[in-house]
Every structure is written in structure tokens, then in C-alpha cells.
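Let's walk through this structure together, starting with the overall fold and then moving in to individual residues. Keep the view open beside you as you read.

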Amino acid sequence: MVVFGVLQFYLAKKPTEPLETLPPSTRLVEDLGCDSLAMMDTVFMVETLLGIKIDDTQLARMTTLDDLRGYVRQTVKSGAASAA
């Protein structure tokens, strides 16, 4: 998933394994050390690459890799449906 590649790029301390191979319950802040700057950079790049808008209030609720993946997938799917 492209969002994991972008997130991995912006993490200050890179995990030893690709994010796709980590458990879905991996926590963004506690386990990956994702800070607010990394998250904002990731959001900006994902919005640009995928042509979506990520709601800031939803962003605050994303605590795990699965939360992030699910939200982006749903947002892309909703955007595609509304464009049809």
C-alpha cells in the first residue's frame, strides 16, 4: 500500500521490516515513533498522490496501521464512488 511506503519514508527511525509486514495493531506513535511532523508530511503526500482529502479530526483517531489503512481505503473508495 502506497500510504505505508510514504509513512516509512517520513519516520525518523525506520523499522527493520517493511510496514506491510508488521501486525495491523502496530501503533503509530508508541511502536513506530511517528510524530506529528511525520504524520502531517505523510498526510500531505498521500492526499497529493491519491487525490483525496484526509479529515484532521479523523487523523487524530488513527492510532494503528490498520486504522490508517482502513481510513485511506474507505476515503479512496468513497471518492471513486462520488466521482462516478
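A word before we begin: what you see is a predicted model. With that in mind, a good place to start is R27, whose relative accessible area of 38% makes it partly exposed. We will come back to its partner soon, once the fold as a whole is in place.

Step back and look at the secondary structure. The protein has four helices and zero strands, and reading from the N terminus the order of elements is α-α-α-α. The radius of gyration is 12 Å, close to the 12 Å that the globule rule gives for 84 residues, so the protein is as compact as a globular protein of that length. If you draw a box along the principal axes, the C-alpha atoms fill roughly 40 × 25 × 20 Å.

How much of the chain is buried? Buried residues account for 36% of the 84 residues. The accessible surface comes to about 5200 Å², and carbon and sulfur atoms contribute 59% of that area. The contacts tell us about the path of the chain too: taking those between residues at least 6 apart in sequence, 53% join residues at least 24 apart.

Now follow the chain into the loop between helix 1 (2-10) and helix 2 (36-50), where you will find P15. Setting aside residues up to four places away in sequence, P15 touches Q8 and L32. You can also use P15 as a ruler for this region: T26 is eleven residues along in sequence, and the two C-alpha atoms are 11 Å apart in space. D35 belongs to the loop between helix 1 and helix 2 as well. This aspartate is partly exposed, at 43% relative accessibility. Look from D35 back to Y10: the two are 25 residues apart along the chain, yet their C-alpha atoms are separated by 9.6 Å.

From there, turn to helix 4, which holds L65. Is L65 buried or exposed? With 0% relative accessibility, L65 counts as buried. Its surroundings are worth displaying one by one. Leaving out neighbours within four places in sequence, L65 is in contact with F4, L7, L19, L22, P23, P24, T26, L28 and L32. Two of these names should be familiar by now: L32 is also touched by P15, and T26 was the other end of our ruler from P15. For L65 and L32, the separation along the chain is 33 residues, and the C-alpha atoms are 9.7 Å apart.

Further along, helix 4 also contains T75. This threonine is buried, with a relative accessible area of 14%. Beyond residues up to four places away in sequence, T75 touches I52 and K53. Keep K53 in mind, as this lysine returns in the next part of the tour.

That brings us to charge. The protein carries 8 positive and 11 negative charges, and the mean positions of the two sets are 3 Å apart. Side chains of opposite charge can pair when their charged atoms come close. How many salt bridges does the model contain? The count comes to three.

Here we meet R27 again, as promised. Its side chain joins that of D31 in a salt bridge, with 2.9 Å from N to O. D31 is partly exposed at 41% relative accessibility, and R27 is partly exposed at 38%.

The second pair links K53 with E47, the closest N and O atoms being 3.6 Å apart. Here the two partners fall into separate classes: K53 is exposed at 60% relative accessibility, whereas E47 is buried with a relative accessible area of 16%. Recall that K53 is also one of the residues touched by T75.

The remaining pair is D66 with R69, where the closest N and O atoms are 4.0 Å apart. Which element holds these two residues? Both lie in helix 4 (residues 65-83), three residues apart, about one turn of the helix. D66 is partly exposed, with a relative accessible area of 40%, while R69 is buried at 17%. If you keep helix 4 in view, you can pick out L65, the D66 and R69 pair and T75 along it.

How values were computed: Residues are numbered from 1 along each chain as its sequence is written. This is a predicted model: local features need pLDDT of at least 70, side-chain atom pairs count only at pLDDT 80 or more; totals for chains, interfaces and linings use all residues. Side-chain values use heavy atoms; hydrogens and water are left out. The radius of gyration is taken over C-alpha atoms; the globule rule is 2.2 Å times the number of residues to the power 0.38. Buried means under 20% relative accessible area, exposed over 50%, partly exposed in between (1.4 Å probe, protein chains only). Contact means heavy atoms within 4.5 Å. Accessible areas come from the Shrake-Rupley method with a 1.4 Å probe; for residues, only the protein chains shown count as cover. Lys and Arg count as positive and Asp and Glu as negative; His and the chain ends are not counted. The place of a charge is taken as NZ of Lys, CZ of Arg, CG of Asp or CD of Glu.
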